[in-house]
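Reader: I'm new to this one and don't want a quick tour. Please pick a single part, look at it closely, and show me how it sits among everything else.

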Amino acid sequence: MNNPAHWVAACFLLFASVSVSAAPDRLLVTGTASSLETENIVYREYHDITEQQHTVRYVSPDEKLIASKDIFYSHGFNTPEYELHDKRFERRTGSQWRDGHFIVFRTEKSEKPHQKKITPEKNTVIDAGFDHFIRENWNALVNGEVLPFSFVVADPLVILNMNIEEVDAEHTAIKQHSNQYRYFFAHSRNRLIGWAIPDIHLAYDSNSHLLQLYQGPSNLTDQHDKSQNVLIRYEYQRPATANAGEQAP
């Protein structure tokens, strides 16, 4: 599990989660993850997002629940509390707010939890907070700034120093190009370990600032508990078009 690719994915995937700023009341999101190697669908994500809470259900291609995640933004959109429960391996990772700092943790089955205390700083990002970080700094990014941020990772317990910048369609690894998209590229800013930290490519809608495509390591391992690289396509259902009692599958 201590594969560098999984370090980054544990935070990016939303790795890839949608910020609640996208909708004032409720937003339903479906993400379809395909393997970069085989192009086969490997899982789907069903996001249900309200003002202060964000839940995600991960299901296999045959719609069987394999993992779930609860995200709470009461201590900042960039630095949420969260817990990811991978039911296949009985693994839990996440962050909890306690007395002015975060406790980042990882536990598996009956093992003793591993945890670390983190005091958040201005550019600290935790899990789905990365998506909000991009929205918050949208104007700076599209005006050519390269922004540093620190990713807090729960598995293993490390802080990764990263950069995020906008790139044009010719310099993104995402094959689907559109004039409607803005492309962003996230990478390690530590040259000594940069080779071990996989690059992340993202495509956002220029008008809505909603994430459309994510390409990079998944925050879920495969059925053999090995890291996997995916392309995730996101579809959105606005609260105005969602039935009041509707839930994602």
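Author: Let's start with the whole chain: of its 249 residues, 53% count as buried. Keep in mind that what you're looking at is a predicted model. The chain holds three helices and 15 strands. It exposes about 11,800 Å², and carbon and sulfur atoms supply 46% of that area.

The part I'd zoom in on is helix 2, which covers residues 129-136. This helix is mostly covered, with seven of its eight residues buried. Those buried residues are Gly129, Phe130, Asp131, His132, Phe133, Ile134 and Arg135.

Scan that list again and you'll spot Asp131 and Arg135. Their side chains meet in a salt bridge, at 2.9 Å from N to O. Both sit in helix 2, four residues apart, which is about one turn of the helix. Here's the background: an α-helix has 3.6 residues a turn, so residues three or four places apart point the same way. And side chains of opposite charge can pair when their charged atoms come close. How buried are the two partners? Asp131 has a relative accessible area of 0%. Arg135 comes out at 13%, and it counts as buried because the cut-off is under 20%.

Now back up a little along the chain, to the loop between strand 9 (124-126) and helix 2, where you'll find Asp127. Its phi is near 45 degrees, a positive value in a residue other than glycine. Asp127 is buried too, with a relative accessible area of 0%. For another residue of this kind, try His209, which has a positive phi of about 60 degrees although it isn't a glycine. His209 lies in the loop between strand 13 (200-205) and strand 14 (211-217). Is it buried or partly exposed? Partly exposed, at a relative accessible area of 22%.

Helix 2 also has a hand in the nonpolar packing. Phe130, one of its buried residues, belongs to the largest nonpolar core, which has 46 residues, and together with Ile164 and Leu202 it touches the most other members. Strand 10 (residues 147-154) gives the most to this core, with six residues. Another core, of eight residues, lies apart from it, and Tyr181, Tyr183, Phe185 and Ala203 are among its members. As background, in soluble globular proteins nonpolar side chains tend to be buried together.

Let's go back to the charged pairs and put the one in helix 2 in context. How many salt bridges are there? The count comes to eleven. Take Arg26 and Asp48, whose side chains meet at 2.8 Å, N to O. This pair links distant parts of the chain: Arg26 is in the loop between helix 1 (4-12) and strand 1 (27-35), Asp48 is in strand 2 (residues 41-49), and 22 residues separate them. Both partners are buried, with relative accessible areas of 16% for Arg26 and 12% for Asp48.

Next up is the salt bridge between Arg182 and Glu166, at 3.0 Å from N to O. Here too, distant parts of the chain are linked: Arg182 is in strand 12 (residues 181-188), Glu166 is in strand 11 (residues 157-167), and they are 16 residues apart. Arg182 counts as partly exposed at 30% relative accessibility, and Glu166 is partly exposed at 22%. Some salt bridges share partners, and in that way Arg91, Arg106, Glu108 and Asp225 are joined into one network.

One last stop, for a covered strand to set beside your covered helix. Strand 5 (residues 81-86) is mostly covered, with five of its six residues buried. Strand 4 (residues 65-72) runs antiparallel to it, and six bridges join the two. Within that pairing, Tyr82 of strand 5 is the bridge partner of Ile71. Five bridges join strand 5 to strand 6 (residues 91-98), again in antiparallel fashion. Here His85 stands opposite Arg92 in strand 6. Strand 5 and strand 6 form a hairpin with four residues between the strands, where Glu90 takes a positive phi near 50 degrees.

Conventions. Residues are numbered from 1 along each chain as its sequence is written. This is a predicted model: local features need pLDDT of at least 70, side-chain atom pairs count only at pLDDT 80 or more; totals for chains, interfaces and linings use all residues. Side-chain values use heavy atoms; hydrogens and water are left out. Buried means under 20% relative accessible area, exposed over 50%, partly exposed in between (1.4 Å probe, protein chains only). A salt bridge is a side-chain nitrogen of Lys or Arg within 4 Å of a carboxyl oxygen of Asp or Glu. Accessible areas come from the Shrake-Rupley method with a 1.4 Å probe; for residues, only the protein chains shown count as cover. Two strands pair if DSSP finds at least two bridges between them. A nonpolar core is a set of buried Ala, Val, Leu, Ile, Met, Phe, Trp, Tyr and Cys residues joined through side-chain atoms within 4.5 Å.
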